[in-house]
Amino acid sequence: MTQERITTLLTENRSYLPPEHGKSSAWISGTEEARAICQRALDDPDDFWAARATQLIHWYKRWDKVLESDEVNHKYRWFTNAKLNASFNCIDRHIISGRRNKAALIWQGEREMDVRCFTYQMLYTEVCRVAHALNSLHVKKGDRVALYMPMIPELVISMLACARIGAIHTAIFSGYAEGGVRSRIQDSKAKVVITADGVIRAGSVKPLKANLDPILEKCPSVAHVLVVHHANMQDVNMVKNRDIWWHDLVEDFTLDVDFPCVPMDANDPLFLLHTSGSTGKPSGILHSTGGYLTYAAHTSQWIFDMRDDDVYWCTADMGWITGHTYGVYGPLSLGATTLMFEGVPTYPKPDRYWRIVEKFRVNILYTAPTVIRSLMRMGEAWPERYDLRTLRVLGSVGEPINPEAWEWFHKVIGGGELPIVDTWWQTESGGAMISPFPYASRLKPGSASFPLPGIDAVVMGDAKKDGEDVSHENTKAGHLVIRKPWPGMMLGVYNDEEKYQSYFKRFGYFDSGDGAEIDEDGYFWILGRMDDNINVSGHRLSTAEIEAVLTANQYVSEAAVVSMPHEIKGEAIYAYVVLKDDIAWTDDIRKLLKEAIRKNIGALASPEYIQFVESMPKTQSGKIIRRMLRKIAGNVYDDIGDTTALARPEVIDEIIYGHKNILEGRPETAKRQDEPAEDQEKE
């Protein structure tokens with residue numbers, strides 16, 4: 001492999017034209033139209049964003065200026081002095097326009113018969129009641145309300161109630177353990193926490209309120225806790241003068257259910273959402289009301305070709321940014337029907353997603369590559385049992401999707417016809433930044449395609465002194481950088497100006513921290529975090545490239561590649577591999593995988609070690625935490641970082657045990673190698 005040809009992803013030669021059916025009614029219906037819109041947005045961004053904000057959002061008062069920029073301090077304020085309310089835009093205006101009895105929110109519980117549906121009128125009533133309830137607890141504009149909740153309708157209702165009264169909601173994923181919850185409540189100085197007695201997951205009930213009680217002993221800002229009776233848990237401890245049952249408080253407001261929306265300045269914060277850093281200290285990302293909501297509606301409409309008669313399902317937990325933008329604010333601002341599901345895709349059987357698609361006649365499905373790969377692992381027979389013909393657009397989010405998973409999603413779920421919008425974005429960006437248009441873009445499996453209108457994305461070199469653009473004439477890997485502001489970008493990092501400025505320190509533009517390459521056709525290929533690229537003997541290698549080769553193997557379910565220190569090479573490659581069910585962990589498979597990498601990439605990319613593992617350290621949303629894997633590969637066991645976000649924290653100990661065995665020349669574990677068949681049956 002030459003130094004210039006540093007990724008096999010760019011050799012991906014499959015491509016697919018957008019479908020003809022649906023083109024005539026699409027928001028963006030052709031390549032030339034898409035190019036013209038993108039050029040117009042770059043040439044005159046003020047005019048472009050003013051037009052989109054006018055088309056998509058109801059404003060109480062229009063802006064004095066579309067964008068005010070402080071380039072020295074990297075402060076960008078959109079739609080200055082404009083007034084609006086996000087809750088009004090997501091509910092009230094649809095009632096006024098005649099969608100009163102249209103389904104706004106459909107909830108599917110883990111139990112098949114647990115279904116709740118809210119029309120826009122019903123959602124309005126519930127949101128107003130909770131707004132009254134919060135007001136009775138003296139929550140006012142600018143106060144923070146923490147939402148430590150399962151995937152239940154009360155989560156969405158709470159978000160919109162906070163937006164209605166001007167409170168800043170901060171969602172805390174229900175899968176976080178004690179440290180992750182405490183740090184987020186403490187950082188936000190939340191006045192009220194809304195939670196539930198428990199969360200139902202894969203047939204079991206996990207307590208939430210009981211977890212919260214010891215946490216709040218170190219959170220003096222919290223005056224009240226509102227508890228939803230969801231999991232039917234008994235003997236829930238309710239602290240006197242602090243804890244209130246949701247139904248007891250909300251049912252006090254059954255007669256006068258109207259609660260007027262508080263007019264918000266476009267640059268008032270709408271919500272605070274924390275990301276996890278490598279040190280484990282979360283960074284609170286603040287998003288505005290006007291710019292964020294405009295961008296959420298804008299991207300939802302064009303990326304998914306969304307219309308108000310669509311049933312749209314974003315499978316992400318609404319405690320994450322994906323759930324915020326594409327589970328709540330995007331689809332509801334457009335008057336569509338959004339679907340939420342409390343459960344996992346493989347319980348009680350691996351057909352759960354496909355059952356839900358058929359049951360509710362889902363039109364748009366937006367999910368993660370991890371989910372796609374896990375369902376792909378289960379085979380084609382499960383989705384083939386269901387009528388998936390209502391689907392017209394598929395989407396991928398969260399990490400780069402490997403071409404094999406893309407192909408399976410396209411062929412098996414999309415019938416070889418449906419477009420896949422592979423989106424790249426971050427918590428900080430507020431919405432998707434690079435993505436195809438479903439009816440206008442030629443698709444390449446594994447590529448996020450092109451920057452969206454108004455997004456000036458480039459790939460830049462390693463250091464500021466050589467930070468020139470890397471265009472399609474030069475396809476070396478580099479930093480994915482955004483040179484112009486966009487409405488959805490974060491207002492700042494809560495109480496941490498230094499962290500906010502760090503995003504602009506290297507180039508003077510917004511540095512995403514991700515790496516990318518641009519191929520000869522101008523397509524962007526996302527390589528993951530820049531610190532996930534490995535420099536072996538002066539050659540930069542993409543972990544996504546190596547992972548793509550590994551996951552293409554018939555025996556492999558998942559792979560994660562990280563760097564490890566090497567005395568001679570500087571860095572070497574360490575691969576963690578999950579094999580498919582019933583495949584034994586053998587040296588023959590390890591040799592087969594190394595040979596595949598040598599053949600497809602080159603000897604330089606051959607891993608120093610391949611460690612077989614039962615599962616990866618993942619968040620509940622399915623994101624692999626590679627920084628933890630990197631530390632283990634470097635023999636760091638005591639400073640792994642914040643494990644509270646992991647779905648199964650015990651996975652870390654299992655991986656460390658296997659890593660130590662590998663270094664000492666022993667099998668990772670005896671669990672799956674050379675076991676008698678009856679023992680495997682018991683497993």
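In this predicted model, strand β22 (residues 478–482) and strand β24 (residues 510–518) run antiparallel and are joined by four bridges. Across that pairing, His479 of β22 sits opposite Gly515 in β24. The two strands belong to an open sheet of four, ordered β21-β22-β24-β25, with antiparallel pairing. At its edges lie β21 (457–460) and β25 (524–529), each of which pairs on one side only. Going from one strand to the next, the twist averages 45°.

Parallel pairing turns up around strand β6 (residues 144–149). All of this strand is tucked away: six of its six residues are buried, so β6 is largely enclosed by the rest of the structure. In a regular strand, side chains alternate between the two faces of the sheet. Here both faces are covered, with Arg144, Ala146 and Tyr148 buried on one side and Val145, Leu147 and Met149 buried on the other. One partner of β6 is strand β7 (residues 168–173), which runs parallel to it and is joined to it by six bridges. Within this pairing, Tyr148 has Ile172 of β7 as its bridge partner. To get from β6 to β7 the chain passes through helix α5 (residues 153–165), and the resulting β-α-β crossover is right-handed. Strand β8 (residues 192–196) also runs parallel to β6, this time with three bridges between them. There, Val145 faces Val192 of β8.

A similar look at strand β16 (residues 311–314) shows Val311 and Trp313 pointing one way and Tyr312 and Cys314 the other, with all of them buried. Three bridges tie β16 to strand β17 (residues 337–341), and the two run parallel. Tyr312 is the residue opposite Thr338 of β17. Together with helix α10 (residues 321–333), β16 and β17 make up a right-handed β-α-β unit. β16 also pairs with strand β18 (residues 364–367), again in the parallel sense and over three bridges. In that pairing Cys314 lies opposite Tyr366 of β18.

As for nonpolar packing, the largest core counts 144 residues, and Leu160, Ile185 and Tyr329 are the ones that touch the most other members. Setting aside neighbours within four places in sequence, Ile185 is in contact with Ala146, Ile172, Ala190, Val193, Leu212, Leu216, Cys219, Ser221 and Val222. There is also a second, separate core, made of 31 residues, among them Phe341, Val357, Ala405 and Ile420. In soluble globular proteins, nonpolar side chains tend to be buried together.

Several helices are worth a look of their own. Helix α14 (residues 403–413) is mostly covered, with nine of its 11 residues buried. The buried set in α14 is Pro403, Ala405, Trp406, Glu407, Trp408, Phe409, His410, Val412 and Ile413. After α14 comes Gly415, which has a positive phi, near 60°. Helix α12 (residues 369–377) buries Pro369, Thr370, Val371, Ile372, Arg373 and Leu375. The elements covering these residues of α12 include α11, β18, β19 (393–396), α14 and β28 (556–566). A glycine follows here too: Gly379 comes after α12, with a positive phi near 100°.

Helix α11 (residues 352–360) contains Arg352. With a relative accessibility of 1%, Arg352 falls under the 20% cut-off and therefore counts as buried. Apart from residues up to four places away in sequence, Arg352 touches Gln108, Gly109, Glu110, Arg111, Glu112, Phe341, Val344, Pro345 and Tyr347.

Finally, helix α1 (residues 31–43) and helix α2 (residues 45–56) meet with their axes coming within 5 Å and crossing at roughly 115°. That angle makes α1 roughly perpendicular to α2. On the α1 side, the contact involves Ile37, Arg40, Ala41, Leu42 and Asp43, while α2 contributes Pro45, Asp47, Phe48 and Ala51.

Methods. Residues numbered from 1 in each chain as written. Predicted model: local features only at pLDDT ≥ 70, side-chain atom pairs only at ≥ 80, totals over all residues. Heavy atoms only, no water. Buried < 20%, exposed > 50% of the residue type's maximum accessible area, 1.4 Å probe, protein only. Pairing = 2+ DSSP bridges. Right-handed = clockwise from strand over helix to strand, strands pointing away. Axes fitted to C-alpha atoms, helices over the stretch in contact; angles between N-to-C directions. Core = buried A, V, L, I, M, F, W, Y, C linked by side-chain atoms within 4.5 Å. Contact = heavy atoms within 4.5 Å. Parallel < 35°, antiparallel > 145°, perpendicular 65-115°, else oblique.
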